[in-house]
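Hi everyone, thanks for making time for this. Please have the sequence and the 3D view open while I talk, and stop me whenever something is unclear.

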Amino acid sequence: MVITWTVAAFILCGCGLTTALTMLDSMSDYVNHPCVRQCEEGIPNRRCEYHWTLEMYYVLSKACYDCPFNLTDCSRPHCVPADGTSRGILTANRRIPGPGIQVCHGDEIIVNVYNKLENSQGTSIHWHGLLQRGSQYMDGTSMVTQCPITTHSTFQYRFTAKDRGTHFWHSHAGLQRADGLFGSLIVRQPPSHDIHSPLYDFDLPEHVIIVTDWLNELVTSRFASHHHDDGDNKAESMLINGKGAFTPHTDPTTGARVFTPYADFTVRPTFRYRFRVISSGIMNCPIQFSIDNHTLIVIASDGGDFDPIIVDSFNIFSGERFDFILIADKTEELKNYWVRARGIADCSVKKSQQLAVLRYTGAPPGLPELATNYEAGNREGITLNPLNARATDTLVSVNLLNSTEPDDDSLKQVPDKRFYLAMDFNQVDNFHFHHPGLYPLKSVIQGKHLYSPQINHISFSSTAVPPLTQMKDIDEDATFCNNETVQEQCDKQFCECSHRLKVALNDVVELIIIDEGLLFNANHPMHLHGYKFRVVGMDREDNRRLE
């Protein structure tokens, strides 16, 4: 299979025979892939292979025929209805989200990526949540673990699914993820290995949910305007599994306003279902997630199990994942219910939101009756993972959750290394956006100020070559720095380098991350590639603990 792909890719590049794409099935969504199965103990693992073509595409393309006036057409192959706003997008196999990967713990994953993106865009695919122990060169981080995959070339990712749980994949180059290059990656385990399996009856592939904030134009254009002028970078809309209703279309026959379809999720009365929610968020846009008239039994975060907690809603930040159990107990009168994704922080500016439908088998067709406005998505009751708020009886911060994973030897009282990382948006003339001699901050109106997101007053810049594979080609003294080695006064002038913290093999490292918040009350999730970490404490500036 690999040889076939390599030869076909050569034919495509050398001879222009684009019909070979069909031969390779590189437009498949893989919903019927043989690796999508019930995981069983003692059964041999499988080799799970996929072919993806990455390319520039378009919402409501010719593949959509009469969508949204004929809703059946919206489900045609290669039709991406999104939220009804016509715009350019980037896709894997002409779909958003891209093909989902659903495997069992220990399976081998092989993804053959063919980069057909325009304008010579390099790319790479990161497998968010998989630690890649022993296969770190497959992490998919451009200019860290690999060179970008150049246009009209192929790259094969090959690794073992060692980390169980709800994860996702996304482009790790430029702004490509924001324009559609993302998808789910679920690593299941046999029920006998799942501590929570007695709590639910079904864990279905179609109950994986990806939410993301969504702009109404290619993100490169929006960011250029925001960075170099006074352009707006706030999201207008959201997508749930690549679908939603936002831009109305006028039916030429009836004159009626018509919208693109919502995503929907079907349950049968009395049964218990495991849902997996992923945020592929783009901006400073936490999303409040809830389902009308239902509570959520949340059981896992970022692939890690914890003692179940019953909530009315949870906030999910960019890159985070939450698993919950829904009990389909509304049996007195079968109805359909709204699934709500409501943007907060920067997404509250334009009241960005999206809806999907929870459909009970046997309920009348059509949409739920309750209100669809932004305010209706502000679910009252208990909320998990609040935004910039201290824990209360109704606000549950994540440090109050009790992990089911046992402590290990690395959790010791005194770490081998301790680093303080202060984050903020700093008022400094960043020569990429505020040339000190031509248009410094002090000489332009405030609406055109761009403040620099930094750690310890240092902006990160990539090395010239990936350090994982070509460290010997890097001039370390000229390339790397940190707040101990830099010579400049970085709080007064712009500092930029490959920001490096040095540790020894087997060190236990404590990171104390401080959001200084001098300019913005922003909120940014943090994660490490290749490692998991334990949250051992959270505090506020006034020294009152979140506990």
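**Disulfides and sheets**

Let's begin with Cys481 and Cys497: with -65° about the S-S bond, their link is left-handed. One thing to keep in mind from the start is that we are looking at a predicted model.

Now a quick reminder for anyone new to this: a disulfide is a covalent bond between the sulfur atoms of two cysteines. How many disulfides does the structure hold? There are seven, and I'll walk you through some of them.

Staying with Cys481 and Cys497, the S to S distance in this disulfide is 1.9 Å. Where do the two cysteines sit? Cys481 is in strand 27, residues 480-481, while Cys497 is in strand 28, residues 496-499. The two are 16 residues apart, and the pair links distant parts of the chain. Cys481 and Cys497 are both buried.

Next, please find Cys490 and Cys495. These two are also joined by a disulfide, with 2.0 Å from S to S. Is this one left-handed or right-handed? The torsion about the S-S bond of Cys490 and Cys495 is about -90°, so this disulfide is left-handed. Buried here means under 20% relative accessible area. Cys490 has 9% relative accessibility, so it counts as buried. Cys495 has 4%, so it counts as buried too.

The third pair is Cys64 and Cys79. Their sulfur atoms are 2.1 Å apart, and they form a disulfide. Why is this disulfide called right-handed? Because the torsion about the S-S bond of Cys64 and Cys79 is about 105°. Both cysteines lie in the loop between strand 1 (47-58) and strand 2 (88-92), so the pair ties together parts that are 15 residues apart in sequence. Cys64 is buried, with a relative accessible area of 1%, and Cys79 is buried as well, at 11%.

For contrast, take a look at another cysteine, Cys147. Is Cys147 buried or partly exposed? At 42% relative accessibility, Cys147 counts as partly exposed.

Let's move on to the sheets. As a reminder, strands of a sheet pair through backbone hydrogen bonds, either parallel or antiparallel.

One open sheet has six strands, in the order 10-9-14-19-16-17, and its pairing is mixed. Which strands are at the edges? They are strand 10 (237-240) and strand 17 (304-311), each of which pairs on one side only. From one strand to the next, the twist averages 25°.

Let's zoom in on two neighbours in that order. Strand 9, residues 208-214, runs parallel to strand 14, residues 272-279, and four bridges join them. If you want a place to point your cursor, try Val208: its bridge partner in strand 14 is Arg276.

There is also an open sheet of seven strands, ordered 13-21-20-15-18-22-23, again with mixed pairing. Its edge strands are strand 13 (264-267) and strand 23 (395-396), and each pairs on one side only. Strand 13 pairs with strand 21, residues 353-360, in the parallel sense over four bridges. Which residue of strand 21 is the bridge partner of Val267? That would be Tyr360.

To wrap up, here is what I'd like you to take away: seven disulfides, an open sheet of six strands and an open sheet of seven. Thanks for listening, and I'm happy to take your questions!

How values were computed. Residues numbered from 1 in each chain as written. Predicted model: local features only at pLDDT ≥ 70, side-chain atom pairs only at ≥ 80, totals over all residues. Heavy atoms only, no water. Pairing = 2+ DSSP bridges. Axes fitted to C-alpha atoms, helices over the stretch in contact; angles between N-to-C directions. Disulfide = S-S within 2.5 Å. Buried < 20%, exposed > 50% of the residue type's maximum accessible area, 1.4 Å probe, protein only.
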